[in-house]
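Visitor: I've got a few minutes and a list of labels I'd like justified. Can we put the chain up and go through them?

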Amino acid sequence: MASKLRSIQRAREQETAKAAVLQVTLEDLLRSRQALQSLASMPLPARDAFRLSKIVKAVAKELEACNDTRLKLCEQFGKLNEDTQSYDFASDSDREAFTREYGELLKTEVEISGERINPSILNNISAGELLVLAWLIED
């Protein structure tokens, strides 16, 4: 009997794990980075704080990979200006190619493991922050 209960519980956990994947574009993650940090610094119930902490870590990992790719694109289409520590593009076509490639990168959908947040726990959050965090908030 106990074995059967454990089996049922494992099956439910696997279903929950499968359902707990958020699909979001890199552009949405980039836009919501600041608001996500603000949300993570708010006092939340322990369960919600834990869930949010895991999401923040996953988002940071995706944004780090995105930035690494952006830097490779900068190197591919531009040249590092040592004085300003920024990339200069030799021609408009190089700048346009970079902009096009980076734009395509930002449209990439990634999967973030986690559950959406219940809006009832969101106190003292601005309308702008709500807007950029829409991908994370339950309907």
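Visitor: Which backbone nitrogen does the side chain of Thr25 reach?

Guide: That would be the backbone nitrogen of Asp28, at 3.1 Å. Bear in mind that this is a predicted model.

Visitor: And what makes that a polar contact?

Guide: The cut-off for a pair of N or O atoms is 3.5 Å, and the side chain of Thr25 comes to 3.1 Å from the nitrogen of Asp28.

Visitor: Why is Thr25 called buried?

Guide: Buried means under 20% relative accessible area. Thr25 has 18%, so it counts as buried. Its place is in strand 1, residues 21–25. Setting aside neighbours within four places in sequence, Thr25 is in contact with Leu106, Lys107, Thr108 and Glu109.

Visitor: How do you know that strand 1 and strand 4 pair?

Guide: Pairing takes at least two bridges found by DSSP. Strand 1 and strand 4 have five, in the antiparallel sense. Take Gln23: its bridge partner in strand 4 is Glu111.

Visitor: Which residues of strand 4 are on its covered face, and which on the uncovered one?

Guide: Val110 and Ile112 are on the covered face, while Glu109, Glu111 and Ser113 are on the uncovered one.

Visitor: On to the helices. Why is helix 2 called roughly perpendicular to helix 4?

Guide: The axes of helix 2 (residues 26–40) and helix 4 (residues 92–106) cross at roughly 85° and come within 6 Å. Angles of 65 to 115 degrees count as roughly perpendicular, so helix 2 is roughly perpendicular to helix 4.

Visitor: Which residues meet there?

Guide: From helix 2 you have Leu26, Glu27 and Leu30; from helix 4, Tyr102, Leu105 and Leu106. By class, that contact has five nonpolar residues, one charged and no polar ones. The charged one is Glu27, because Glu is classed as charged.

Visitor: What about Cys74: buried or exposed, and how do you know?

Guide: Buried. The limit is under 20%, and Cys74 has 5% relative accessibility, so the label fits. Cys74 sits in helix 3, residues 46–77. Leaving out neighbours within four places in sequence, Cys74 is in contact with Lys79, Tyr87 and Phe98. The C-alpha atoms of Cys74 and Asp88 are separated by 8.6 Å, and the two residues are 14 apart along the chain.

Visitor: Why does Leu80 count as partly exposed?

Guide: The in-between class runs from the buried limit of 20% to the exposed limit of 50%. Leu80 has 32%, so it lands in that class. Leu80 is in strand 2, residues 79–81, and touches Gln85, Ser86 and Tyr87, not counting residues up to four places away in sequence.

Visitor: What makes the phi of Gln85 worth a look?

Guide: Most residues other than glycine have a negative phi. Gln85 isn't a glycine, yet its phi is positive, near 55°. You'll find Gln85 in the loop between strand 2 and strand 3. Exposed means over 50%, so Gln85, at 55% relative accessibility, counts as exposed.

Visitor: And why is Asn124 called exposed?

Guide: Its relative accessible area is 77%, so Asn124 is exposed by the same over-50% cut-off. Asn124 lies in the loop between strand 4 and helix 5. Asn124 also has a positive phi, about 55°, although it is not a glycine.

Visitor: Last one: how many helices and strands are there in the chain?

Guide: Five helices and four strands, in the order α-β-α-α-β-β-α-β-α along the sequence.

Key:
Residues are numbered from 1 along each chain as its sequence is written. This is a predicted model: local features need pLDDT of at least 70, side-chain atom pairs count only at pLDDT 80 or more; totals for chains, interfaces and linings use all residues. Side-chain values use heavy atoms; hydrogens and water are left out. Axes are lines fitted to C-alpha atoms, for helices over the stretch in contact, and angles run from 0 to 180 degrees between N-to-C directions. Helices (H or I, at least four residues) and strands (E, at least two) are DSSP runs, numbered from the N terminus. Angles under 35 degrees count as roughly parallel, over 145 as roughly antiparallel, 65 to 115 as roughly perpendicular and the rest as oblique. Contact means heavy atoms within 4.5 Å. Buried means under 20% relative accessible area, exposed over 50%, partly exposed in between (1.4 Å probe, protein chains only). A polar contact is a pair of N or O atoms within 3.5 Å; within protein, one must be able to donate a hydrogen and the other to accept it, and residues adjacent in sequence count only if both atoms are side-chain atoms.
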